[in-house]
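Before going into single residues, it helps to ask how far a model can be trusted along its length. Please look through the sequence and the structure below, and then follow the text from confidence to local detail.

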Amino acid sequence: MAAMLSNEPEAPRVAPVRRRGLTFFIAVLFGAFLLLRALAVVWTDYLWFVSVDLGSVWLTTNVTKALLVVGATSVAFAVLWVNLVVADKISPRLNLVALDEQEEIVERFAEWVEPRLRRLRLAVA
């Protein structure tokens with residue numbers, strides 16, 4: 001019980017390398033299965049449309065879907081990125097509140113994030 005209330009960090013639990021490798025292999029295998037299944041559906045649809053001489057309909061439909069997804073994703077990315085830039089510009093840079101020892105981690109985190117802010121904004125957007 002006393003260890004739970006301590007400020008000392010516990011040593012992180014590390015999974016054995018063998019278990020991590022197996023987990024990674026299973027995840028890759030599952031991802032490959034899902035990808036191959038999706039490709040099979042797309043290929044089957046394409047073959048059916050071609051068999052009834054409507055290959056151009058299949059192509060037009062799928063190109064339109066892809067362009068809509070790319071367009072919507074681009075707009076959402078731009079809106080999020082602009083919001084993050086504006087929020088960063090109007091946020092105060094100085095510590096307005098005195099931090100005690102317990103809150104020192106906030107200051108250290110801010111110092112760590114500052115040089116990486118541009119990459120962080122891109123990743124979040």
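Within the chain of this predicted model, confidence is highest in helix 2, at a mean of 94, and lowest in helix 3, which covers residues 104–113 and has a mean of 78. Taken over the chain, the average pLDDT is 84, and 81% of the residues score at least 70. Where pLDDT is low, the predicted coordinates should not be read in detail.

Helix 1 spans residues 17–51 and helix 2 spans residues 55–90, and the loop between them contains Asp 53. The backbone at Asp 53 has a positive phi, about 55°, although this residue is not a glycine. Asp 53 counts as exposed because its relative accessibility is 69%, over the cut-off of 50%.

On helix 1, one can pick out Val 42, which counts as partly exposed because its relative accessibility of 42% falls between 20% and 50%. Val 42 and Trp 58 are separated by 16 residues in sequence, and their C-alpha atoms lie 9.9 Å apart in space.

Turning to the surface, the reader will find a nonpolar patch of about 550 Å², made by Phe 77, Trp 81, Val 82, Val 86, Ile 90 and Leu 122. Helix 2 gives the most to this patch, contributing five residues. Phe 77, one of the residues that make the patch, lies in helix 2, and with a relative accessibility of 33% Phe 77 therefore counts as partly exposed.

Methods:
Residues numbered from 1 in each chain as written. Predicted model: local features only at pLDDT ≥ 70, side-chain atom pairs only at ≥ 80, totals over all residues. Heavy atoms only, no water. Helix = DSSP H or I, 4+ residues; strand = E, 2+ residues; numbered from the N terminus. Buried < 20%, exposed > 50% of the residue type's maximum accessible area, 1.4 Å probe, protein only. Patch = residues over 30% accessible without salt bridge, like charges linked within 9 Å, V, L, I, M, F, W, Y side chains within 5 Å. Areas by Shrake-Rupley, 256 points an atom, 1.4 Å probe, with all protein chains shown as cover. Salt bridge = Lys/Arg side-chain N within 4 Å of Asp/Glu carboxyl O. pLDDT = per-residue confidence, 0-100.
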